[in-house]
Amino acid sequence: ANTPDQKQLEEEKARMTKEEQAECFHFKPLYQRAAIVAAGPFANFLLAIIIFTFFFWIIGQNVLSPRVDSIQEGSAAERAGIMVGDIIKEIDGKEIESFDQMVNIVSLSSDTEISLIVERNSQELVLLATPERVKDVDPFGNPISIGRLGIGRDGTPDNFSKVRYPLPEALAKGAGQTWFIIDRTVVFLGRLFQGKEDAGQISGPLRIAQISGQVATIGLAALINLAAILSVSIGFINLLPIPMLDGGHLLFYAYEAVAGKPLNERAQDYGFRIGIALVLSMMVFATWNDLVHLFQF
């Protein structure tokens, strides 16, 4: 609902008792209203942090070190001068702890030059590489379009290490994993608006249901991990500054904090109309992507 303007607030306040005013959302201090609106998305983030912390602390993490065991001929890695035996230490200033983490970063860097710090013979070198966009399929056979360097890692059990973290470190890693998902989402959206990513990768409820079913075949732990990822995504989407979403309400509250009064009702009304049009358009677009994908699949 729209935030009433000052005149409406005064008229409504005059009709209410002090007890009713104390319970009314619109008469609460601005910081309390903002906190109430922000509580939903941040609860999504908190749930994800708790789930990730549980995995890092109780179950542990299978870590495959970011060592280069093979290089595809003619690949971006070969052109960049990466060699077998190199260990990837950093990508664009982000410390790399596992091969999977490196893949997640490179996959959203197609046709964009990235800076890598590699360890070779106990020395660190700075190399520049431009991952190539390739069409591939995920482990379930779903088509994907990602960036690739062209390096491989021997995924034999002997190369994995099982790591369980103490609770404080697990909590920090859980928060870090949540932030990493948000960061990758922001990067994807930025690249999408620049035309560097395929909008067909945006998924709606149909494909999410399909992926959930596929992940469930792996086991309960994988499904819970997917739930944490989806929780982060839902929280992030709700914080977008679009009227109708929590982020839109927070945007109006930011205006109220600066102007000292709520945005007038007419402006809010237009804002909510634009917001609902954007939200519905995104839903239709995502559902269309889902249908196209499911028919192709």
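**Entry 1: a surface patch**

I began at the surface, where Leu206, Trp288, Leu291, Val292, Leu294 and Phe295 make a nonpolar patch of about 600 Å². The model is predicted, so I accepted local features at pLDDT of at least 70 and side-chain atom pairs at pLDDT 80 or more, while totals for chains, interfaces and linings use all residues. Residues are numbered from 1 along each chain as its sequence is written, and side-chain values use heavy atoms, with hydrogens and water left out.

For a patch I took residues with over 30% relative accessible area and no salt bridge, joining nonpolar side chains (Val, Leu, Ile, Met, Phe, Trp, Tyr) within 5 Å and like charges within 9 Å. A salt bridge is a side-chain nitrogen of Lys or Arg within 4 Å of a carboxyl oxygen of Asp or Glu. Areas come from the Shrake-Rupley method with a 1.4 Å probe, and for residues only the protein chains shown count as cover.

Helix 10 (residues 265–296) gives the largest share of the patch, five residues. Helices (H or I, at least four residues) and strands (E, at least two) are DSSP runs, numbered from the N terminus. I found Trp288 in helix 10; Trp288 counts as exposed because its relative accessibility is 55%. Exposed means over 50%, buried under 20%, and partly exposed in between (1.4 Å probe, protein chains only).

**Entry 2: the interior**

I then looked up nonpolar cores, sets of buried Ala, Val, Leu, Ile, Met, Phe, Trp, Tyr and Cys residues joined through side-chain atoms within 4.5 Å. The largest has 21 residues, of which Ile82, Ile88, Ile91, Met102, Leu116, Leu149 and Ile151 touch the most other members. Two or more residues each come from helix 4 (76–80), strand 3 (87–91), helix 5 (99–107), strand 5 (114–120) and strand 6 (123–129). Helix 5 supplies the largest share, four residues.

I listed the contacts of Ile88 (heavy atoms within 4.5 Å). Beyond its neighbours within four places in sequence, Ile88 contacts Pro66, Val68, Ile96, Met102, Leu116, Ile117 and Val118. Another core of 14 residues lies apart, and its members include Phe52, Phe55, Tyr165 and Ala170.

**Entry 3: aromatic pairs**

I paired rings of Phe, Tyr and Trp (its six-membered ring) with centres within 6.5 Å; planes under 30 degrees apart are stacked, over 60 edge-to-face, and the rest tilted. I counted four pairs by this rule. Phe42 and Phe45 are edge-to-face because their planes stand at 85°, with centres 5.7 Å apart. Both lie in helix 3 (residues 30–59), three residues apart, about one turn of the helix. Phe42 is partly exposed at 48%, whereas Phe45 is buried at 9%.
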